[in-house]
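Me: Could you take me through one part of this structure slowly? I'd like a close look at the largest pocket, and some idea of the chain around it.

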Amino acid sequence: MASIPDRLLQLAYDPGISPKGGGLPGLAVLKSVVNSINLFGIIAVVGALAVSLGVWAWGHHSGGHQAEANGKKGAVVAAGAALGLGAANGIVAFFSALGSQVR
């Protein structure tokens, strides 16, 4: 039977795995596809924001309180989506760096 310090050493085993570019073919294509998806998302958010602001204005001027509230919600959601899409690379990089510090 192994002692407790030996068991802790087994739990603390470092497999030596870390992200490395160039290991598999197609990395440049994958980056290009993800960049294109991000751009498509940002363009879609611009459209969603424009529609939401239009609904907000229409609801306000026509007295449609439900439409006005939905337009406001849509504008906030679109702004949040734009923030998330714009910050996606930085968020992933931040948490990846944070995760690499765990020992």
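Reply: Read along the sequence, the pattern is α-α-α: the chain has three helices and zero strands, where helices are DSSP runs (H or I) of at least four residues, strands (E) of at least two, numbered from the N terminus. This is a predicted model, so local features need pLDDT of at least 70 and side-chain atom pairs 80 or more, while totals for chains, interfaces and linings use all residues. Residues are numbered from 1 along each chain, and side-chain values use heavy atoms, leaving out hydrogens and water.

How sure is the predictor? Its confidence in each residue, pLDDT, runs from 0 to 100, and the chain's mean is 88. Among the elements, helix H2 (residues 27–62) has the highest mean, 96, and helix H1 (residues 4–11) the lowest, 61.

Now the pocket. On a 1 Å grid over the protein atoms alone, a pocket is an open set of points where a 1.4 Å probe fits, with protein on both sides within 12 Å along at least five of seven lines; lining residues have an atom within 4 Å of a point. The largest one holds about 310 Å³ of space, a volume filled by probe spheres set on points joined across faces, edges and corners. H2 and H3 each supply at least two lining residues. Among the lining residues are Leu27, Leu30, Lys31, Asn35, Leu85, Gly86 and Val92. The whole lining divides into seven nonpolar, four polar and one charged; Ala, Val, Leu, Ile, Met, Phe, Trp, Tyr, Cys and Pro count as nonpolar, Asp, Glu, Lys and Arg as charged, and the others, including Gly, as polar.

How values were computed
pLDDT = per-residue confidence, 0-100.
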